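Here are my notes on the model, set out as numbered points. Please read them with the sequence and the coordinates open beside you.

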Amino acid sequence: MVTQDFENKTKQLIDSLKGICASYGLGNDGNEFKIITQVFLYKFLNDKFAFEAKKIDPNLAKTESWEQAISALSEDQLEMLQLQMGADTARLKPEHFIAHLFSQQNAPEFAKLFDDTLRDIAITNNDIFAVKTDGGAKITLFDRVSEYITDESKRDNFCRAIINKLVEFSFERIFTQKYDFYATLFEYLIKDYNKDSGGKYAEYYTPHAVAKIMAAILVPQDQQGTINNVSCYDPSAGSGTLLMNIAHAIGEQRCSIYSQDISQKSSSLLRLNLILNNLVHSIPHIIQGNTIQHPYHKDGKTLRKFDYIVSNPPFKMDFSDFRNELDSKEHQERFFAGVPNIPKAKKDGMAIYLLFLQHIIHSLKPGGKAAVVVPTGFITAQSGIDKKIREKLVKEKMLAGVVSMPSNIFATTGTNVSILFIDRNNKENVVLIDASNLGTKIKDGKNQKTLLSEEEEDKIIASFISKEASEDFSVIVSYADIMAKNYSLSAGQYFEVKSDHIDITPDQFTQKIKSISNNLDSLFQQSSKLELEIKKQLVGLKYE
């Protein structure tokens, strides 16, 4: 009840911030999400600092104002307090506190003070919270948010409205709860800013069902809490849904997250997701850049290898500008099956997911595991790069299985998808699941969406992990079986075709044949009568 009440109040805070933006002409503006997410993050970091400070010095919790008590500390005392805080807590000064800004809101040029405060927090914490580009530049934590208001005369009031909302609410009491409410809040926070999909990078919000199934199969429940010091990677991370799910399964402090994504917006959202999910230590590994053209994560001069890889890459995109650069000796080992050609028409239909998939296979450690969302057409294509990739997975025995999902599992695309599971240790049987008949269809705005129930999700996970065959749902096949079927990974092609038959005695068989024969005789007699009748009618026809 406490957590539900808190979740509702947090959503009210988000709605009120959106309401402020709308009042100042920024509703649905391209910059609204920057303001909302950054202000939300400022509030979160402020309350996290307060929580950690009170935990270190319980006397702070007993004072009338913890902000004033910290302001009274000497510089050395404040530094000592900050040193005792965890690495995921922002280093704040008394002038950074929301209470300080609240007390100064009637000062002239308040918007400048507000922006200066956020920028100073960003600079002070740059080493911890900055996201890097593949060129080495740093994307700092906060912008000068008031400058998104075009009319300078309205900026002070805009920032005052924000501060007045922030003082009414506190995250502090939820930090004591072992409650994973952040995934729900994060989705609610960005729901209006993550609607695009299809061929565009990083705007593809992966459904919870897909993320849950991927994480639960890669890290089965009996392994959770036993894995240590592993690396998890997503080369097209978006806002980080898949990475958050696998990190939760492994344990946030037991793994390090690595990512790359071409979208600056998505990289900023991923940073926020990491902060909310106790994964601040991984922010230095979050890179904004083009993974296919300029993969960033390396050990020396060679590409880094990872223990776990999850990805929902863009399926189609025009990469003709740098296609020929990829089709060279330098990239031959990574793109072992080849680079798609540039079509004469519809360049935006180029299958870029084939490059991501090859990059993932190349980036997997010996013994590593991966789960990748692919268009279902990939699992049966009988030629080209698709088939060459499947051949490699089978011949080198690194395929764990495939789950073919229901149509419209993504509300924003009509493409049917499957989840491809790779496991470099799986040298025996492969699991193929056809989950296309599961789920309930609902309307999601203008689109139709399929939702899986928790029981259906669990059925998929349990069948895969236990390698359990089930009629018209799952089948267990050998690598030799797959080769014999021309490397098809469609479960339906391996299901047993059954014909119903009944055991009968010789007498019953004779009686059955006699009955059929008598029935035919009757039909033939009726047919003869009809023939004579038709001929009689024809003879009687006259021309008039």
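1. I begin with Cys-159, which is buried in this predicted model, its relative accessible area being 0%. The closest cysteine sulfur to that of Cys-159 belongs to Cys-21 and lies 10 Å away, which is too far for a bond. Cys-21 is likewise buried, with a relative accessible area of 1%.

2. How many disulfides does the count give? Because a disulfide requires two cysteine sulfur atoms within 2.5 Å, and the sulfur of Cys-21 is 10 Å from that of Cys-159, its closest cysteine sulfur, these two residues do not form one, and the count comes to zero.

3. Cys-159 also takes part in a helix contact, as one of the residues of H9 that meet Phe-110, Ala-111 and Phe-114 in H7; the others in H9 are Arg-155, Asp-156, Arg-160, Ile-162 and Ile-163. Sorted by character, the residues of this contact comprise six nonpolar, three charged and no polar.

4. As to geometry, H7 (residues 110-124) and H9 (residues 155-166) pack with their axes 7 Å apart and at an angle of about 55°, which makes H7 oblique to H9.

5. On confidence, the protein chain has an average pLDDT of 86, and 92% of the residues score at least 70. Among the elements of the chain, strand S8 (residues 306-311) has the highest mean pLDDT, 97, and helix H10 (residues 182-190) the lowest, 72.

6. Over residues 196-204 the pLDDT stays under 50, although the model has 32 contacts beyond four places in sequence for them. Where pLDDT is low, the predicted coordinates should not be read in detail.

Notes: Residues numbered from 1 in each chain as written. Predicted model: local features only at pLDDT ≥ 70, side-chain atom pairs only at ≥ 80, totals over all residues. Heavy atoms only, no water. Axes fitted to C-alpha atoms, helices over the stretch in contact; angles between N-to-C directions. Helix = DSSP H or I, 4+ residues; strand = E, 2+ residues; numbered from the N terminus. Parallel < 35°, antiparallel > 145°, perpendicular 65-115°, else oblique. Contact = heavy atoms within 4.5 Å. Nonpolar A, V, L, I, M, F, W, Y, C, P; charged D, E, K, R; others polar. pLDDT = per-residue confidence, 0-100. Buried < 20%, exposed > 50% of the residue type's maximum accessible area, 1.4 Å probe, protein only.
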